[in-house]
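Q: I am new to this structure. Please take one part of it and look closely at how it is covered, then work outward from there.

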Amino acid sequence: MDGSSYYVPAVAMAAALLVKAPALSRSWRDPLLRSVCTLMALAGLVFFFAAPPTIGEVNDVIGITNVSAPLVYCLLSAFSAACLVLIVNWRGGPPESTRRVSRRWIIGYSVVIVALVVLFVLGDAPVERLVDFDTYYANEPFVREMIVLYLMALAVSGVAMSVMCGRWALQVQGWLRAGLMIIVAGYLFNIAYLTAKFTAVIARWNGANLDYLSSDAAPVLASAGVQISAIGFCFPLACQRVGDTWSTWSTYRRLGPLWRELKPVSPHAAHGVRMSWWFPAELQVTQRESDIHDGMLSLYPYFDTGVRANAYDAALAAGSDPAQAQAEADAAMVTAAVRARAADPDGRVIDSAEAAADAPATAPSPAAASPSMSTEGPRDLVRMSIALRQSPVVAAARGQYATRSESDFHERTS
């Protein structure tokens, strides 16, 4: 046997582990990330060492006939514990409770692993069996108990995983529920695998021969179950990553109108180093927000709180809620200031201290005049940007206050 049905999933697990390796090196203390990486590593090792060519090679290298059997059984038990620990950490809860439950599963399966090794040492398995070890030695003292123990350990894990994931799926929604249901579907294959194994072993106990269930059907079911469960574990995380990326790029796109409005007056917009499209979306958004704030700072001498107050009242009168009206008022003041700045042929910028001293009593302070100081963060910048494109109040301000902003500026600076 070439073992390709074992090596392909082993390589897939190794590739997934390599993708996660950088995140693991940065966040080694994250119990959830550690659990995910441990699970993928053990899954890959199970498939690699369960492949018939590897079984024969390990037996030859170590020099003990059938030593691969307890090795594979121990890896399967460790994999079962890793699945349970992952679900416990993924579900969350009080940290102390999570650690306590995780320790119990780890200790329990550690005892199973020690017992598997002891039973193999006590038993006698002189004939090398690469594929049908379970059924060939189903009646051998101690080896028989070892086989039953590892199958029972897998059964406990499969039932516990199905119950925990099923109950949790009833309490959540969205991608997480879908991922949990996929995991449950994967463990249905695990139950089918165990059924095939137990049936073949029990048949041997009763003098029948159903070895093909153990040697042919069971490995296929195990491979399908592990890969489906792996998809279930990765599915919510991948969908969340895609959703976060989509949301970030959406924020970048919606900031476009405000960024383009302020680009002519932003001191760094024309000379700054632009990021290429393949840069992370978060950095792209950060740079766009930085350009917007730079543009607003350069417009401070041109801000007119009268424009802002009138636009706020008009937005409220048009039916906007206070938060939306605030965004429309800020956007109206910005667009009027941009036009006042464009109408200033000398591009004269007033020093903030001088402006504060010379401005009339109604002139805003820097904190009050800057729209960015009256908002809560990027979401308000997005509202302003959308208002620039869609609000009739802002559209009216563009035409109505351009001339007024220019004349007010000359009056203040003459």
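A: Start with what covers the buried residues of helix α3. The cover includes α1 (4-26), α2 (31-50) and α4 (68-91). This is a predicted model. Helix α3 itself spans residues 52-62. Its buried residues are P52, T54, I55, G56, V58 and N59. After α3 comes G63. The phi of G63 is positive, near 85 degrees.

Now the nonpolar core. The largest one has 64 residues. Within it, F133, I147, Y150 and M161 have the most contacts. Several helices feed this core. α1, α2, α4, α5, α7 (143-169), α8 (174-205) and α9 (211-254) each supply at least two residues. α4 gives the most, with 15 residues. So α4 appears twice here: it is among the helices covering the buried residues of α3, and it is the top contributor to the largest core.

Take M161 as a sample of that core. Set aside its neighbours within four places in sequence. M161 is then in contact with C83, L84, I87, I183, Y187 and F233. There is also a second, separate core. It has 34 residues, including A337, A340, V382 and V393.

C83, a contact of M161, leads to the cysteines. The count of disulfides is 0. C165 is in no disulfide. Its nearest cysteine sulfur belongs to C83 and is 9.1 Å away. A disulfide needs the two sulfur atoms within 2.5 Å, so a pair at 9.1 Å does not qualify. C165 is buried, because its relative accessible area is 0%. C37 is buried too, at 6% relative accessibility.

Next, the charged pairs. Side chains of opposite charge can pair when their charged atoms come close. The structure holds 8 salt bridges. One of them joins R99 and E96, at 3.0 Å from N to O. These two residues are 3 apart in helix α5, so about one helical turn separates them. An α-helix has 3.6 residues a turn, so residues three or four places apart point the same way. R99 is partly exposed, at 44% relative accessibility. E96 is partly exposed as well, at 40%. The pair does not stand alone: E96, R99 and R103 are linked in a network of salt bridges.

Another salt bridge joins R129 and D132. Their closest N and O atoms are 2.8 Å apart. R129 is partly exposed, with a relative accessible area of 26%. D132, in contrast, counts as buried, at 15%. The cut-off for buried is under 20%, so D132 falls inside it.

E145 and R144 form a salt bridge too. Here the closest N and O atoms are 3.1 Å apart. E145 is partly exposed, at 34% relative accessibility. R144 is partly exposed, at 27%.

Last, the surface. V114, V118, L122 and F142 make a nonpolar patch of about 360 Å². V114 lies in helix α5, which covers residues 95-122. V114 is exposed because its relative accessible area is 53%, and exposed means over 50%. Helix α5 therefore shows several sides: it supplies at least two residues to the largest core, holds the R99 and E96 pair, and carries V114 of the surface patch.

Terms used
Residues are numbered from 1 along each chain as its sequence is written. This is a predicted model: local features need pLDDT of at least 70, side-chain atom pairs count only at pLDDT 80 or more; totals for chains, interfaces and linings use all residues. Side-chain values use heavy atoms; hydrogens and water are left out. Patches are made of residues with over 30% relative accessible area and no salt bridge: like charges are joined within 9 Å, nonpolar side chains (Val, Leu, Ile, Met, Phe, Trp, Tyr) within 5 Å. Accessible areas come from the Shrake-Rupley method with a 1.4 Å probe; for residues, only the protein chains shown count as cover. A salt bridge is a side-chain nitrogen of Lys or Arg within 4 Å of a carboxyl oxygen of Asp or Glu. Helices (H or I, at least four residues) and strands (E, at least two) are DSSP runs, numbered from the N terminus. Buried means under 20% relative accessible area, exposed over 50%, partly exposed in between (1.4 Å probe, protein chains only). Contact means heavy atoms within 4.5 Å. A nonpolar core is a set of buried Ala, Val, Leu, Ile, Met, Phe, Trp, Tyr and Cys residues joined through side-chain atoms within 4.5 Å.
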